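Reader: I have a structure open on my screen and would like to learn how to read it. Could you walk me through some features?

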Amino acid sequence: MAPVDILAQQMVAECACEPWREDDLFDLVRRAWPFAQLDRRDFDDVVELVSEGIPTGTGRAAAYLHRDRINRVLRGRRGARMTAIECGGAIPEVADFRVLAEPAGTFVGTLDEDFATESMAGDIVLLGSTSWRIRKIEPGVVRVEDAHGLPPTIPFWLGEAPSRTAELSDEVSALRREVAERLEPGGDAIDWLTGELGLPAEAAEQLVRYVRAQKESIGVVPTRDDIVFERFFDDGGGMQLIVHAPFGGRINRGLGLALRKNFCRTFDFELQAAANDDAVLLSLGSQHSFPLEDMFSLVRLSTVEHTLTQALLAVPVFATRWRWNATRSLAVLRQRGGKRTPPLLQRMRSDDLMAAVFPRLVACQENVTGDIEL
């Protein structure tokens, strides 16, 4: 709702054609449904951005409008019209990540940028006919190691829908709970699935087996109301912790990042984390020994927003989304002089912009302690 990067772009396009009074432009913008509830302070912040720009080492980025503060009128500066024509649009510029196999650094393929930034260290992905475990994700590079045939995730292609929605996760959770209740002695789970829901007998039987296996293995069927923490040792002797939480991938990735961040702060140990629609996996060190109940309090409602904000600043997805938003708001140009700006150059200019806005984020980490101020 109210995407201010698009607002900045449209503001430049309008004022490049003719002068606009700020109040009239605000009224015009609010006629569009996504901006119907736009706060005037947010509007004024965007006006400040596109008129004053962001100071960088090579000048000011995104300063496309002249602002008459006395008469409250906006006019396009020189070059604003051409920038709006050449660099407008909402589709982000994407680039593939190179995949290098460690320790030799052998090039083994590429991954879509969106898939790469959505992945985490510890995820298993399939390239060709080989499973690879992600060790580290760097700007433009994914470093992997042989996963020795472990079940992988197949990389998605550009345009595939995002993770399971919260609404669908609610329905999945309700279905799990209903089936689990109907598995009690005297229950009618299969009859209910085939009769009430109209499932084929084979599908109903598979669903019942799936829910029964969960219930028999851990004693409860995970739902949105019953979150299960399960800890075990894998075949290699490493300790794994699974948080069974069918909230959908978007929420679970956030939960995984928050758990990982607070675990690092509490135990002074960086662990690997992965998430999908139904669970969060944390790869613990074999040297850690603590009551499992201690994990329940790592994420709290009162601090989760702050924790997740700090965690996001350090993951690759932040730099990618930052570049996309900077491109849409015309702070980083898609084209210059009629020629397309290469993705690598866009990434470099985006990094320079980030250094101007978040200097501590690119500072020497040996000198950075505590939270990064926004």
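**Reading the surface and the helices**

Author: Happily! Let's begin with the surface: L344, L345 and M348 make a nonpolar patch of about 280 Å². Keep in mind that this is a predicted model.

Reader: Which helix does M348 lie in?

Author: M348 belongs to helix α12, which covers residues 343-357.

Reader: Why is M348 called partly exposed?

Author: Partly exposed is the range between buried, under 20% relative accessible area, and exposed, over 50%. M348 is partly exposed because its relative accessible area is 47%.

Reader: Thanks! Now a strand, please: where does T110 lie?

Author: T110 sits in strand β7, made of residues 106-111. T110 is partly exposed too, with a relative accessible area of 39%.

Reader: Which residues does T110 touch?

Author: Leaving aside residues up to four places away in sequence, T110 touches D96, F97, V99 and L127. For a longer view, take D268: T110 and D268 are 158 residues apart along the chain, and their C-alpha atoms are separated by 33 Å.

Reader: And how should I read a pair of helices?

Author: Look at how their axes approach and cross, then at the residues in contact. Here the axes of helix α2 (residues 22-29) and helix α3 (residues 40-52) come within 11 Å, crossing at roughly 115 degrees. The crossing of α2 past α3 is right-handed.

Reader: Which residues make the contact?

Author: From α2 there are E22, D23, L25, F26 and V29, while α3 brings R40, F43, D44 and V47.

Definitions and conventions
Residues numbered from 1 in each chain as written. Predicted model: local features only at pLDDT ≥ 70, side-chain atom pairs only at ≥ 80, totals over all residues. Heavy atoms only, no water. Patch = residues over 30% accessible without salt bridge, like charges linked within 9 Å, V, L, I, M, F, W, Y side chains within 5 Å. Areas by Shrake-Rupley, 256 points an atom, 1.4 Å probe, with all protein chains shown as cover. Salt bridge = Lys/Arg side-chain N within 4 Å of Asp/Glu carboxyl O. Helix = DSSP H or I, 4+ residues; strand = E, 2+ residues; numbered from the N terminus. Buried < 20%, exposed > 50% of the residue type's maximum accessible area, 1.4 Å probe, protein only. Contact = heavy atoms within 4.5 Å. Axes fitted to C-alpha atoms, helices over the stretch in contact; angles between N-to-C directions. Left-handed = near helix turned anticlockwise from the far one by under 90°.
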